[in-house]
Amino acid sequence: MRKSRTVISAFLALRQRVLAVLGGISMYRLVLFALAGLAVIALGLSLAGLVGPTAGEILASFAALAVSISVVDAVAQRVLRLPWRIESSLVTALILLFVLQPSLTPAGLAGTALAGVLASLSKYLIAWRGRHILNPAAFGAAVVTILGLGTFSAWWVGTPWLAPFVALSGLLVLWRTEKVRLVLLFLVAAIVVSVLRQAVQAQLFGFGLDLDLGGALVFTLTQAPYLFLGAFMLSEPLTLPPRRWQQYSVAAVVGVLAGWPIPVGSLFTLGQERALLIGNLLAFAFALRSSVRLVLTGRTFVTPTAQELTFRTKGRLRFIAGQYLELEVPHRNPDARGTRREFSIVSAPADLPTLRIAYKDGDQKHPSSYKRALKAAEPGAVLAVTGTWGDFVLPRGRTPVLMVAAGIGVTPFVSQLRQLRATGAERDVVLVYVASESAELAFRDELAATGVRTIVFTRDEPTDLPPHWTWAQGIRLDAPGLQRVVPDLAARHAYISGPPRLIADLAPALQKARAVTTDAFAGY
């Protein structure tokens, strides 16, 4: 048992350290790099004759997709006065490259370009309150395939030679977006149903009951496009519902439909991309998020290096205490991380229509373009919340809770504790608050007003601590330190909000908690 706990702790620590590295790259840029690397590998394999399409077909098809999608995106975003994100255009082009049958014929290239145009247009025409409903690549591929417009969905990415590279690049993306378990559920559903389908078909077509299950499993993993579909399309955040159980429901449905394509008349079947589109519709039915405008009403420094922004919501915004929002700040020449960032919400749902977020604003030598643009926003500026997500919410019932916050990572806990106070709910909560120094303890007054027992980890001793706050004598917070200050850790549901490296350091102690929920972030 001790050995298994050590292995689990080591894995959790490794995972958080990988997240710390990947967190410095925007989601779009990471997906773009992964897909571009996969395309280069596929090109090399085609030159060696190890994949179906020729190098010329791959290059010509990508050119048709990149040009058609980029042109439509550039025009649409200019008309809508939105910043053009070349990463988004290229990601869609690369996904379609692996889904559609590459071609050198005029008809094939025209159909490929048309699929790109349809995919791009779907982002703006098949949308609800600023968010597209259907996966753009899946929509473009489905339309040209169903209507027979010059090309069709071949999913040639599902080959044994590409499978390990798809798995590796996909794992990096899923680790960054924290969707590994979601795609594993999808893969299990798709593989089980696919193997079952092969067994049924073998029996129906007279192959008997001695189906080689091992061979069927290998075939499904290496020659079906499930790895690519899950890692690069199903996991796309913009078409997933906000809660984890809803996402799992969508993954299961898509997996079943992808594993056993359903014929529709004699024209087509509900294949991979059409299975995903059905999942998108289910996700849309689940979705609670909406695009809401925020009017900046003020900004204050809550510590010498952290700012709080206060907004007034224009429209209905719904969230659960502990969730985060995605805030778009359009600006010229955005860097690799783009124009959107995620922020935990400081205010409680009971505070609406007032909404607050906070972020680190230290004197950095090289701040991101996003942070510079956010810092330049003045009262009256209108920004867009493109959605609220997350399962970093308190458990139901009266389970005792441990909250561990590092620096500005205390923000979701402020929201949760404010909501508990506003609703009069009673909860056994211990807050462990880590900061580099006492001056960096944000929201002291609000937290003190909640009456929650708080243990402070800072190098220097804070002054004027409330009666229910204690200083940890300047010791470093690690696994032994956490167990010392929270001896009943095993009875508590632990919530950790802070840098991935802190979560990695606490991994051995967290294995003893009743349950663990993490909210890692890597800066802006």
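These legends go with a set of close-up views of a predicted model.

**Figure 1. The whole protein, before we zoom in.**
Let us start with the overall picture: the protein has 17 helices and 16 strands. It contains 524 residues, and buried residues make up 53% of them. Now take the contacts between residues at least 6 apart in sequence: 70% of these join residues at least 24 apart. Keep that in mind when you meet the pairs in the later views.

**Figure 2. The second largest cavity and the residues that line it.**
How many cavities of 30 Å³ or more does the structure hold? There are three, and this view shows the second largest, with a volume of about 50 Å³. Rolling a probe the size of a water molecule over the atoms shows where empty space is left. Look for the residues of the lining, among them Val157, Gly158 and Thr159, then Ala163 and Val166, and further along the chain Leu221, Thr222, Ala224, Pro225, Tyr226, Leu227 and Phe228. Three helices, α7 (163–177), α9 (213–223) and α10 (226–234), each supply at least two of the lining residues. Which helix gives the most to this lining? That is α10, with three residues. If you sort the lining by class, you find nine nonpolar residues, three polar ones and no charged ones.

**Figure 3. Strand β15 and its partner β11.**
Strand β15 covers residues 493–498, and six of its six residues are buried, so the rest of the structure largely encloses this strand. Try following the two faces of β15 in turn. On one side you will find His493, Tyr495 and Ser497, and on the other Ala494, Ile496 and Gly498; all of them are buried, so both faces are covered. Strand β11 (residues 401–406) runs parallel to β15, and five bridges join the two. A handy place to spot the pairing is Val401, which stands opposite His493 in β15.

**Figure 4. Arg356 and its two salt-bridge partners.**
Side chains of opposite charge can pair when their charged atoms come close. The structure has eleven salt bridges, and Arg356 takes part in a pair of them shown here. In one, Arg356 meets Glu308, with the closest N and O atoms 2.7 Å apart. Arg356 belongs to strand β9 (residues 354–360) and Glu308 to strand β6 (residues 306–314), so this pair ties together parts that are 48 residues apart in sequence. Are these two residues buried or exposed? Both Arg356 and Glu308 are buried.
The side chain of Arg356 also forms a salt bridge with Glu446, at 2.5 Å from N to O. Glu446 sits in helix α15 (residues 444–449) while Arg356 is in strand β9, so here the parts tied together are 90 residues apart in sequence. Arg356 has a relative accessible area of 10%, so it counts as buried, whereas Glu446, at 22%, counts as partly exposed. The cut-off that separates these two classes is 20%. Step back a little and you can trace a network of salt bridges that links Glu308, Asp351, Arg356, Arg418 and Glu446.

**Figure 5. A salt bridge between two loops.**
Here Glu426 forms a salt bridge with Arg398, and their closest N and O atoms are 3.8 Å apart. Glu426 is in the loop between α14 (411–423) and β12 (429–434), and Arg398 is in the loop between β10 (382–389) and β11; the pair links distant parts of the chain, 28 residues apart. Both Glu426 and Arg398 are exposed.

**Figure 6. Three spots in loops where the backbone deserves a second look.**
Begin with Leu352 and Pro353, which are joined by a cis peptide bond with an omega of about 15°. Pro353 lies in the loop between β8 (340–344) and β9.
Next comes Phe443, whose phi is near 60°, a positive value in a residue other than glycine. Phe443 is in the loop between β12 and α15, and its relative accessible area of 6% makes it buried.
Finally, find Asp464, another residue other than glycine with a positive phi, this time near 55°. Asp464 is in the loop between β13 (453–457) and β14 (469–471). Is Asp464 buried or exposed? With 71% relative accessibility, Asp464 counts as exposed.

Methods: Residues are numbered from 1 along each chain as its sequence is written. This is a predicted model: local features need pLDDT of at least 70, side-chain atom pairs count only at pLDDT 80 or more; totals for chains, interfaces and linings use all residues. Side-chain values use heavy atoms; hydrogens and water are left out. On a 1 Å grid over the protein atoms alone, a cavity is a set of points where a 1.4 Å probe fits but cannot get out, and a pocket is an open set with protein on both sides within 12 Å along at least five of seven lines; lining residues have an atom within 4 Å of a point. Grid points are joined across faces, edges and corners, and a volume is the space filled by probe spheres set on the points. Helices (H or I, at least four residues) and strands (E, at least two) are DSSP runs, numbered from the N terminus. Ala, Val, Leu, Ile, Met, Phe, Trp, Tyr, Cys and Pro count as nonpolar, Asp, Glu, Lys and Arg as charged, and the others, Gly among them, as polar. Buried means under 20% relative accessible area, exposed over 50%, partly exposed in between (1.4 Å probe, protein chains only). Two strands pair if DSSP finds at least two bridges between them. A salt bridge is a side-chain nitrogen of Lys or Arg within 4 Å of a carboxyl oxygen of Asp or Glu. Contact means heavy atoms within 4.5 Å.
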